[in-house]
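This report describes the fold of one protein chain, from its overall dimensions down to individual residues. The sequence and the coordinates are shown first.

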Amino acid sequence: MIDTVIFDMDGLLIDSEPLWYEAMQEVFANQGVSLTKELASHTTGLRTIEVVSYWHRYFNWKDVSQDTIADDIVDRVIEKIIASATLMPGTHQILSYFKTKGVKLGLASSSPIRLIKAALQHFQLEAYFDAIYSAQWEDYGKPHPAVYLSCARELGAEPLSCLAFEDSINGMIAAKAARMKVVAVPEPHNFSNPKYVLADLQLSSLADFTDLHWQQLSIV
């Protein structure tokens, strides 16, 4: 029986993935590095410091520390979210739906906690969640299940009683590794990726989630 629902944030609740790319492109350009959208897709769902470490190994820029680059990226993403981000279709609808069901709601994100809080406050989403957890507090980020396991623990929930909503493949793998059921809501360009077969349900939008889906997923 599912009694807890845990959401990712970037690209699922908030349309912030393009802003992450813009921020990385701007910061990396200062190091003489050109990051294409195709390259950036390889690190979707990872923690900021892991993304920076990955591309540092790839491009091997000099002089500026990885921590400084990561902080600059997060600062820019926060600015961009506040200035121009929008909620993904169905965000309020699905969060309100689960509130009426009386289940516990959590958020498990790869983003640093300061960005999570800034984004949730900006869109007035904080009140929906009973626990908010960042992978920055873990030794490993997604696709490792740690952030999902820790969020479940904060909620007093058993992983097998949790349903996770994810947009990225890394996030989906993390939730499945935590032994949770998963609803995948991929970006349109990635919707046909065969890796999403791992999900228990795949949707084009959060707005497409129905009471019938909930009944089917709630069955043990």
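Two residues are in contact when heavy atoms of theirs lie within 4.5 Å. On that basis, residues 24 or more positions apart account for 67% of the contacts in the protein with a separation of 6 or more. The coordinates are those of a predicted model.

**Overall architecture**

Nine helices and six strands make up the secondary structure of the protein. Its C-alpha trace spans about 55 × 35 × 30 Å along the principal axes. For 220 residues, a compact globule would have a radius of gyration near 17 Å, and the value for the protein, 17 Å, agrees with this. Of the 220 residues, 53% are buried. The exposed surface amounts to about 10200 Å², of which carbon and sulfur atoms supply 51%. Among the side chains, 17 are positive and 27 are negative, and the centres of these two sets are 4 Å apart.

**Nonpolar cores**

The largest nonpolar core holds 56 residues, and the members that touch the most others are Phe7, Ile73, Phe98, Phe129, Phe165 and Phe209. A second, separate core comprises 23 residues, including Tyr133, Cys151, Ala157 and Met172. Which residues surround phenylalanine 129, once its neighbours within four places in sequence are left aside? The contacts of phenylalanine 129 are then Phe7, Leu13, Leu95, Leu105, Gly106, Leu107 and Leu120.

**Selected residues and their surroundings**

Four residues serve to illustrate different parts of the chain. In each case, the contacts given leave out neighbours within four places in sequence.

Valine 33 is located in the loop that joins helix H1 (17-29) to helix H2 (37-40). Is this residue, valine 33, buried or exposed? Its relative accessibility is 7%, so valine 33 counts as buried, the cut-off being under 20%. Leaving aside neighbours within four places in sequence, valine 33 contacts Phe28, Phe59 and Trp61.

Serine 110 also occupies a loop, here between strand E2 (104-109) and H6. With a relative accessible area of 9%, serine 110 is buried. Its contacts beyond four places in sequence are Gly45, Leu46, Arg47, Thr48, Ala135 and Lys142.

Histidine 122 belongs to helix H6, which covers residues 113-122. A relative accessibility of 35% makes histidine 122 partly exposed. Not counting residues up to four places away in sequence, histidine 122 touches Ile81 and Ile82.

Leucine 149 is part of helix H7. It counts as partly exposed, at 31% relative accessibility. Outside its neighbours within four places in sequence, leucine 149 is in contact with Pro159 and Ala178.

The table sets out, for each of these residues, the C-alpha to C-alpha distance to one other residue together with the separation along the chain.

| Residue pair | Separation in sequence | C-alpha distance |
|---|---|---|
| Valine 33 and aspartate 139 | 106 residues | 28 Å |
| Histidine 122 and histidine 42 | 80 residues | 28 Å |
| Serine 110 and serine 168 | 58 residues | 11 Å |
| Leucine 149 and leucine 115 | 34 residues | 21 Å |

**Backbone geometry**

Most residues other than glycine have a negative phi, and most peptide bonds are trans. Three places in the model call for attention against that background.

The peptide bond from lysine 142 to proline 143 is cis, with omega near 15 degrees. Proline 143 sits in the loop between strand E3 (131-134) and helix H7 (146-155). Lysine 142, on the other side of this bond, is among the contacts of serine 110.

Asparagine 60, although not a glycine, has a positive phi of about 55 degrees. It is found in the loop between helix H3 (48-59) and helix H4 (66-84). With a relative accessible area of 42%, asparagine 60 is partly exposed.

Arginine 179 is likewise not a glycine and has a positive phi, in this case about 75 degrees. The loop that contains arginine 179 runs between helix H8 (169-177) and strand E5 (181-184). Arginine 179 is partly exposed, its relative accessible area being 49%.

Note on methods:
Residues numbered from 1 in each chain as written. Predicted model: local features only at pLDDT ≥ 70, side-chain atom pairs only at ≥ 80, totals over all residues. Heavy atoms only, no water. Helix = DSSP H or I, 4+ residues; strand = E, 2+ residues; numbered from the N terminus. Rg over C-alpha atoms; globule rule 2.2 N^0.38 Å. Buried < 20%, exposed > 50% of the residue type's maximum accessible area, 1.4 Å probe, protein only. Areas by Shrake-Rupley, 256 points an atom, 1.4 Å probe, with all protein chains shown as cover. Lys, Arg positive; Asp, Glu negative; His and termini not counted. Charge placed at Lys NZ, Arg CZ, Asp CG, Glu CD. Core = buried A, V, L, I, M, F, W, Y, C linked by side-chain atoms within 4.5 Å.
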